[in-house]
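Hi everyone, thanks for coming. Please have the sequence and the 3D view open while I talk, and stop me whenever you like.

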Amino acid sequence: NDMQFYYLSAFTQLTEGYKGIPEPKTGLLAQDAHALVIMPGVVFDRSRNRLGYGKGFYDRFLSKHPSYRTMAIAFELQMMDEIPADDFDIRPEVLITEEQIYV
């Protein structure tokens, strides 16, 4: 129930992981003081709130790494006027679609 990020030099380092998402088998753990995290999401709203897969992986990870910058990339069809959000939900600083940039 925790995430870690690794430096990746080849896709051959990946194996099927949680929900079929490719994950590194081995590698050098990424532990930079500053990093850019691209946050996934199923649905977003114009305030940059996001719904993922409901496990809170990114919220927990980013609360431990407050210096990391965040962004999300989505299609405009994934945008809704409003989605439910809690105080502990971490929104991406920037959300980019093919039609608009939300900040």
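**Pockets, sheet and core**

Let me start with the second largest pocket, which is lined by D2, M3, Q4, F5, L29, A30, Q31, D32, F61, K64, H65 and Y68. Keep in mind that what you see is a predicted model. By class, that lining has six nonpolar, three polar and three charged residues, and the pocket's volume is about 160 Å³.

Now for the largest pocket, with a volume of about 1,200 Å³. It has 42 lining residues, and M3, F5, P40, F57 and Y58 are the closest to its centre. Two or more residues of the lining come from each of β2 (22–24), β3, β5 and α1. Which element gives the largest share of this lining? That is α1, with four residues. If you sort the lining by class, you get 28 nonpolar, six polar and eight charged residues.

Let's move to the sheet. It is an open one with four strands in the order β3-β6-β8-β9, and the pairing is mixed. At the edges are β3 and β9 (101–102), each of which pairs on one side only. You can walk across it with me. Strand β3, residues 36–38, runs parallel to β6, residues 69–73, and three bridges join them. I38 has M71 as its bridge partner in β6. Next, β6 is joined to β8, residues 94–96, by three bridges, again in parallel. Here A72 stands opposite L95 in β8. The last step, from β8 to β9, is antiparallel, with two bridges. In that pair, I96 has I101 of β9 as its partner.

So what packs against the sheet? Look at helix α1, where F57, Y58, D59, F61 and L62 are buried. Those buried residues pack against β3, β5 (50–51) and β6. As a general reminder, an α-helix has 3.6 residues a turn, so residues three or four places apart point the same way.

That brings us to the largest nonpolar core, made up of eight residues: M3, V37, M39, F57, Y58, F61, L62 and Y68. Helix α1 (residues 57–64) gives the largest share of this core, four residues. Apart from it lies another core of six residues, including A72, A74, L95 and Y102.

One residue to click on is V37. Leaving aside neighbours within four places in sequence, V37 is in contact with Y58, F61, L62, Y68, R69, T70 and M71.

Thanks for listening, and I'm happy to take questions.

Note on methods. Residues are numbered from 1 along each chain as its sequence is written. This is a predicted model: local features need pLDDT of at least 70, side-chain atom pairs count only at pLDDT 80 or more; totals for chains, interfaces and linings use all residues. Side-chain values use heavy atoms; hydrogens and water are left out. Two strands pair if DSSP finds at least two bridges between them. A nonpolar core is a set of buried Ala, Val, Leu, Ile, Met, Phe, Trp, Tyr and Cys residues joined through side-chain atoms within 4.5 Å. Buried means under 20% relative accessible area, exposed over 50%, partly exposed in between (1.4 Å probe, protein chains only). Contact means heavy atoms within 4.5 Å. On a 1 Å grid over the protein atoms alone, a cavity is a set of points where a 1.4 Å probe fits but cannot get out, and a pocket is an open set with protein on both sides within 12 Å along at least five of seven lines; lining residues have an atom within 4 Å of a point. Grid points are joined across faces, edges and corners, and a volume is the space filled by probe spheres set on the points. Ala, Val, Leu, Ile, Met, Phe, Trp, Tyr, Cys and Pro count as nonpolar, Asp, Glu, Lys and Arg as charged, and the others, Gly among them, as polar.
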